[in-house]
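Grab a viewer and work through a few short exercises on local geometry and helix packing. Try each task yourself before reading its solution.

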Amino acid sequence: MGKPTGFLDYERVDATSIAPQERIKNYNEFHVFLSKENQQKQAARCMDCGVPFCQSGATLAGMTSGCPLHNLVPEWNDLVYTGNWEQAYNRLHKTNNFPEFTSRVCPALCEKACTCGHWGDPVSVRDNEHGVIETAYENGYAAPKPPKVRTGKTVAIVGSGPSGLAAADQLNQRGHSVTVYEREDRIGGLLMYGIPNMKLDKKIIDRKIEVMKAEGIEFVTGCNVGTDIKASELMKKYDRVILCCGAKNPRDIKAPGREAKGIYFAVDYLTQTTKSLLNSNLADKKFISAEGKNVVIIGGGDTGNDCVGTAIRQGAKSVTQLEMMPCPPVCRAANNPWPEWPKILKTDYGQEEAIAKFGHDPRIYTTTVKEFHKNKKGELDGVTIVSLESKKDEATGRFNMVPVEGTEKKIPAELVLIAAGFLGTENYIAKAFGVTLNGRTNVATDADSYATNIKNVFTAGDMHRGQSLVVWAIREGREVAREVDESLMGYSYLSVQ
């Protein structure tokens, strides 16, 4: 602990953001980060706690508290404070393969569990992490480091999201020959097409992929395993196969009028927009446009927020975001103590932009769509929304959100985006490999294992655990890599934390 009084000497200072009215003019990242000198002062606020909850990754009250990757936060904070950026990068990269991603898109579970935050403002861990990784690229610390020895073993990874990339990175460093198959035209999975460019600039992904290629990993794009190439062919060609295909079955909204033109799943909307942006700077018009339309977004999570920000940039006439659950409190409730994940109101960048653009928060809580309306051409022209309340189901004892009679209200809508989450593995890939699914339609494995029911076939990430965070996907990728390595070599020295 380089500065014992750091948390007393310095107030928390975050990276600033370009004003909403200005940043909605483009799809660029909009955070302006601190200078190295000021970032070092922020790192000095870390108290090097005797029990560093920030890196615990523990499950408390059904939620994760602290980093699932067990990042060595106090160590590299201290190294940043003392200006030892190279060693800070080495300690950060020891547990996290992709700080360039997590420092941009992670909800910073580490900060929510920070002891300093129990009494005041937490340490700005995510901004510090960003400073470490960007300094590493600037100074060559993050340059390619190919393995010196190859084992002669081969591994195929299906899917190039964070879990697949983490597994590939680990196994390649071990010396195995790794090939990653991706059905889209670019590497990155939902990092590439499920997260808008203003939140994660795709150049950041490409930069890391070039490093991984230089280290010896082979990437095959535009190849839909199970369709373009048979699963049996992959299993025959490679010693091991890891399925990291995500949980991309979108949850639908079954209401009258669902067949109306103008209703889309959020992931399709975001994918088309980003693909057009990268291919032609939107000039090809090959995307679902919100321009001049009243937009209704069903779902209040990160994806819903990303749809809000994207629709505003496209020139939406209005944006309404429907949330089924009640509005959370502004501060922690008594039954939600630190270091549990704080169940409090979060106003993200998309909502900030909506407030600046339209003068009000786009969210309507405890509300859903009861009916979709269409004109004579079959085009969506409005929705009926209804309020919800929590009621106990006497048969099951569970509380469900149910409609409140008499609260129906029709609002205009020419575009509806469904961001209600995902249901699990896509059936065709599971059938192609013959892997068993569990009751949640995730690929089934034994507890604390990533091996499927098919010999030499493993799984990880959202396909294994269900829809989750990027940090959890990276952790699963690291853990499946260790298990695969053990199955190939009889032992493993790969680190999972």
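The exercises below deal with a predicted model.

**Exercise 1. Work out how helix H4 and helix H5 are oriented to each other, and how they cross.**

Step 1: Locate the two helices; H4 covers residues 73–81 and H5 covers residues 85–95.
Step 2: Take the axes, which come within 8 Å and cross at roughly 165°.
Step 3: Angles over 145 degrees count as roughly antiparallel, so H4 is roughly antiparallel to H5.
Step 4: Add the handedness: the crossing of H4 past H5 is left-handed.

**Exercise 2. List the residues through which H4 and H5 meet, and sort them by character.**

Step 1: From H4, pick out Glu-75, Trp-76, Leu-79 and Val-80.
Step 2: Their partners in H5 are Trp-85, Gln-87, Ala-88, Arg-91 and Leu-92.
Step 3: Sorting the residues of this contact gives six nonpolar, one polar and two charged.

**Exercise 3. Find the buried residues of H4 and the helices they pack against.**

Step 1: The buried residues of H4 are Val-73, Pro-74, Trp-76, Asn-77, Leu-79 and Val-80.
Step 2: For these buried residues, the packing partners are helix H3 (36–43), H5 and helix H9 (125–139).
Step 3: Recall the helix geometry: with 3.6 residues a turn, an α-helix has residues three or four places apart pointing the same way.
Step 4: Look just past the end of H4, where Gly-83 has a positive phi of about 80°.

**Exercise 4. Ala-61 and Lys-285 have positive phi without being glycine; place each one and decide whether it is buried or exposed.**

Step 1: For Ala-61, phi is about 55°.
Step 2: Ala-61 sits in the loop between strand E3 (58–60) and strand E4 (63–65).
Step 3: The relative accessible area of Ala-61 is 60%; the cut-off for exposed is over 50%, so Ala-61 is exposed.
Step 4: Turn to Lys-285, whose phi is near 60°.
Step 5: Lys-285 belongs to the loop between helix H14 (266–280) and strand E10 (294–298).
Step 6: Lys-285 has 61% relative accessibility and therefore counts as exposed.

**Exercise 5. Is the peptide bond from Trp-338 to Pro-339 cis or trans, and where does Pro-339 lie?**

Step 1: Read off omega, which is near 10° for the bond from Trp-338 to Pro-339.
Step 2: That peptide bond is cis.
Step 3: Pro-339 is in the loop that runs between strand E11 (318–322) and helix H16 (349–358).

Terms used
Residues numbered from 1 in each chain as written. Predicted model: local features only at pLDDT ≥ 70, side-chain atom pairs only at ≥ 80, totals over all residues. Heavy atoms only, no water. Axes fitted to C-alpha atoms, helices over the stretch in contact; angles between N-to-C directions. Helix = DSSP H or I, 4+ residues; strand = E, 2+ residues; numbered from the N terminus. Parallel < 35°, antiparallel > 145°, perpendicular 65-115°, else oblique. Left-handed = near helix turned anticlockwise from the far one by under 90°. Contact = heavy atoms within 4.5 Å. Nonpolar A, V, L, I, M, F, W, Y, C, P; charged D, E, K, R; others polar. Buried < 20%, exposed > 50% of the residue type's maximum accessible area, 1.4 Å probe, protein only.
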